[in-house]
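Q: Got a minute to go through this model with me? Start with the strands, then the ligand.

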Amino acid sequence: MGQRPDRSLNVVMLGPPGAGKGTQSERFARTHGLPKIATGDILRDAVKAGTAMGRAAGAAMDAGELVSDDVMIGIVGDRLKRPDTKLGFVLDGFPRTVPQANALDAVMDGRGPLVVIDIVVPEEVLLRRLAARRICGSCGVNAPVDWTTSCGKCGGELVHRTDDSDGIVAERLRVYHRQTRPIVEFYGRRPTFRTIDGNLPPDVVTASMDAAIREASAVAGGVRL
Ligand code: AP5
């Protein structure tokens with residue numbers, strides 16, 4: 001990465017369940033010193049903490065449905081007020097509906113442009129990935145293939161994510177096509193929108209995402225990476 005200029009780098013990751021949004025946003029955020037804001041992680045933490053919001057969100061998540069726009073817009077709006085987002089952020093899992101996308105535009109008024117990356121992966125590959133996924137039951141991290149029984153970070157037990165069962169995955173994909181896919185059209189004509197092939201080894205996807213963000217950001221006259 002080059003020198004950090006005063007322009008912010010605001011990245012939105014789109015893609016269906018299992019496309020690799022979490023994997024790639026974690027890598028990009030870490031290597032570029034930006035906060036990763038993953039709405040699925042925020043909700044799972046609230047479920048674990050047993051808050052009222054967590055209990056309501058958990059029911060929607062376990063059914064493969066979306067949590068309400070009001071709740072999500074409130075969560076992300078508050079998070080984007082925190083000072084660590086001043087130089088930018090990587091948003092993973094938000095927006096997921098057109099009202100959420102409109103709300104994000106309103107929050108971003110007067111801040112740098114959004115660079116929007118849509119990760120494309122064939123459905124049969126998504127199904128295979130989600131069926132195979134294990135996460136740590138304690139810290140929630142996605143387990144890479146070389147962690148066979150326990151978490152390499154905290155030693156916790158590796159488990160299936162509760163919403164990765166066959167029936168729930170099918171519903172998450174239906175919900176994606178019905179409610180989230182329209183925001184690809186919403187962003188599609190912006191000069192900072194890019195599509196990348198997510199059906200490649202993770203390091204290759206990382207490199208092409210870096211290149212896409214670099215190029216889109218330059219087009220927008222934004223931060224130089
Ligand atoms: P969320 O946690 O965001 O789930 P998701 O969008 O369904 O995404 P996933 O985490 O399943 O997949 P991913 O694209 O991040 O892929 P990953 O990198 O993990 O949301 C969960 C729920 O919360 C929603 O269903 C909803 O109820 C609620 N919610 C969240 N945000 C909301 C919002 N804004 N509005 C309303 N409700 C909201 O990778 C998946 C697997 O594939 C991993 O095992 C990984 O190791 C593997 N993998 C990744 N990349 C590759 C690759 N290139 N090659 C091979 N394997 C790969």
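Q: How do strand E1 and E4 pair, and over how many bridges?
A: Strand E1 (residues 9–14) and E4 pair in the parallel sense, over five bridges. Strands here are DSSP runs of E with at least two residues, helices are runs of H or I with at least four, and both are numbered from the N terminus. Two strands count as paired if DSSP finds at least two bridges between them.

Q: Before we go on, what kind of model is this?
A: It is a predicted model, where local features need pLDDT of at least 70 and side-chain atom pairs count only at pLDDT 80 or more, while totals for chains, interfaces and linings use all residues. Residues are numbered from 1 along each chain as its sequence is written, and side-chain values use heavy atoms, with hydrogens and water left out.

Q: OK. Which residue in E4 is the bridge partner of Val11?
A: Val115.

Q: And what does E4 join to besides that?
A: Strand E7 (residues 193–197) runs parallel to E4, with five bridges joining them. Val120 has Asp197 of E7 as its bridge partner.

Q: Is E4 mostly covered or exposed?
A: Mostly covered: of the seven residues in E4 (114–120), six are buried. Buried means under 20% relative accessible area, exposed over 50%, and partly exposed in between, with a 1.4 Å probe and protein chains only.

Q: Ligand next. How many residues surround it, and which are closest?
A: There are 33 around the ligand, the closest being Thr23, Glu65, Arg96, Arg133 and Arg172. A residue is in that shell if one of its heavy atoms lies within 4 Å.

Q: Which helices supply the shell?
A: H1 (21–32), H2 (39–49), H6 (123–132) and H9 (202–219) each supply at least two residues. H2 gives the most, with four.

Q: Any polar contacts?
A: A polar side-chain atom of Thr23 is 2.5 Å from a ligand oxygen. The side chain of Arg133 has an N or O atom 2.7 Å from an oxygen of the ligand, and a polar backbone atom of Gly18 is 2.9 Å from a ligand oxygen. A polar contact is a pair of N or O atoms within 3.5 Å.

Q: How much of the ligand does the protein cover?
A: The protein covers 89% of the 1,000 Å² of accessible area that the ligand has on its own, by the Shrake-Rupley method with a 1.4 Å probe.

Q: Last one: where is Thr85?
A: Thr85 is in the loop between helix H4 (69–79) and strand E3 (88–92). Thr85 counts as buried because its relative accessibility is 1%.

Key:
A polar contact is a pair of N or O atoms within 3.5 Å; within protein, one must be able to donate a hydrogen and the other to accept it, and residues adjacent in sequence count only if both atoms are side-chain atoms.
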